[in-house]
Amino acid sequence: MNKLIFHAALALACLAPGAGALAAAKVTFVNPDKMTDVPRHESDRESMKAILLDHFNALAARLPADQELKIEIIDVDLAGDVFPRVSIRDVRVLKGLGDRPAMHLRYSIEQNGKVLRSGESHLSDAAYLVGSNRYGNDLYGHEKQMLDDWFRKDVIAKR
């Protein structure tokens, strides 16, 4: 099964009416064409969006069932640098020197239409190649790890 279709189906399943028992994430990408570093091919960009939506839904599942995580992604700078090889496929090289993952986002946690917490965060992980990463070689694994750290420190810890 195509990975994009799988992630899109998973995201839709999480938002389906029967899935109301789980906390959900509503993610909006603000001007993705103007972001610092996102995949240049539309299919790759849509795949990135689906993977990040899936990850935000996994984070939202850690919230109480009646709470909703709302995210506005303002900017993304993916880990590594892109080197176009051929017109249909880019190669992303991770060197650890000034090519760290970064993300600028606004978030809110809402319950019954009331905002419980909100904030704006500029995330960055300069040491993304040092230490352990629970996602190993997953596509966008460094970004997922950075988001996990943010969620644990800035969202869960401030409840």
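**Figure 1. Asparagine 112, out in the loop between β5 and β6.** In this predicted model, asparagine 112 is exposed, with a relative accessible area of 73%. Its backbone is a bit of an oddity: phi is positive, about 50°, although asparagine 112 is not a glycine. The strands on either side of this loop, β5 and β6, pair in the antiparallel sense over ten bridges. One of the bridge pairs puts glutamine 111 with lysine 114 in β6.

**Figure 2. Asparagine 31, in the loop between β1 and α2.** Here is another residue that is not a glycine but has a positive phi, about 50° for asparagine 31. How much of asparagine 31 is accessible? With 48% relative accessibility, asparagine 31 counts as partly exposed, because the exposed class starts over 50%.

**Figure 3. The open sheet, with strands in the order β1-β2-β5-β6.** Four strands make up this sheet, and the pairing is mixed. β1 and β6 (114-124) sit at the edges with a single partner strand each, so one side of each has no neighbour in the sheet. From one strand to the next, the twist averages 15°. The parallel part is β1 (residues 24-29) with β2 (residues 67-77), joined over six bridges; look for phenylalanine 29 opposite isoleucine 73 in β2. On to β5 (residues 102-111): this strand runs antiparallel to β2, with ten bridges joining the two, and lysine 70 stands opposite serine 108 in β5. For the wider setting, the chain has three helices and six strands, and along the sequence these follow the pattern α-β-α-β-β-β-β-β-α.

**Figure 4. The β-α-β unit built from β1, α2 and β2.** Which hand does this unit have? With helix α2 (residues 42-60) between β1 and β2, the unit is left-handed. The two strands pair in the parallel sense.

**Figure 5. A salt bridge in helix α2, glutamate 42 to arginine 45.** The two side chains meet at 3.0 Å, N to O. Glutamate 42 and arginine 45 are three residues apart in α2, so about one helical turn separates them. Glutamate 42 counts as partly exposed at 45% relative accessibility, whereas arginine 45 counts as buried at 10%, because buried means under 20%.

**Figure 6. A salt bridge between strands, glutamate 120 to arginine 106.** The closest N and O atoms of this pair are 3.5 Å apart. Glutamate 120 belongs to strand β6 and arginine 106 to strand β5, so this salt bridge links distant parts of the chain, 14 residues apart. Both ends count as partly exposed, glutamate 120 at 46% relative accessibility and arginine 106 at 35%.

**Figure 7. Arginine 152 and aspartate 149, a salt bridge in helix α3.** The side chains meet at 3.2 Å, N to O. Arginine 152 and aspartate 149 lie three residues apart in α3 (residues 141-156), about one turn of the helix. Arginine 152 is partly exposed at 42% relative accessibility, and aspartate 149 also counts as partly exposed, at 23%. Elsewhere, salt bridges with shared partners join Asp33, Glu42 and Arg45 into one network. The whole structure has ten salt bridges.

**Figure 8. A nonpolar surface patch of Phe83, Val91 and Val93.** Together these residues offer about 200 Å² of accessible area. Phenylalanine 83 sits in strand β3 (residues 81-86) and is partly exposed, with a relative accessible area of 40%. As for the interior, buried residues make up 41% of the 159 residues in the chain.

How values were computed. Residues are numbered from 1 along each chain as its sequence is written. This is a predicted model: local features need pLDDT of at least 70, side-chain atom pairs count only at pLDDT 80 or more; totals for chains, interfaces and linings use all residues. Side-chain values use heavy atoms; hydrogens and water are left out. Patches are made of residues with over 30% relative accessible area and no salt bridge: like charges are joined within 9 Å, nonpolar side chains (Val, Leu, Ile, Met, Phe, Trp, Tyr) within 5 Å. Accessible areas come from the Shrake-Rupley method with a 1.4 Å probe; for residues, only the protein chains shown count as cover. A salt bridge is a side-chain nitrogen of Lys or Arg within 4 Å of a carboxyl oxygen of Asp or Glu. Buried means under 20% relative accessible area, exposed over 50%, partly exposed in between (1.4 Å probe, protein chains only). Two strands pair if DSSP finds at least two bridges between them. A crossover is right-handed if, with the strands pointing away from the viewer, the path from the first strand over the helix to the second runs clockwise. Axes are lines fitted to C-alpha atoms, for helices over the stretch in contact, and angles run from 0 to 180 degrees between N-to-C directions.
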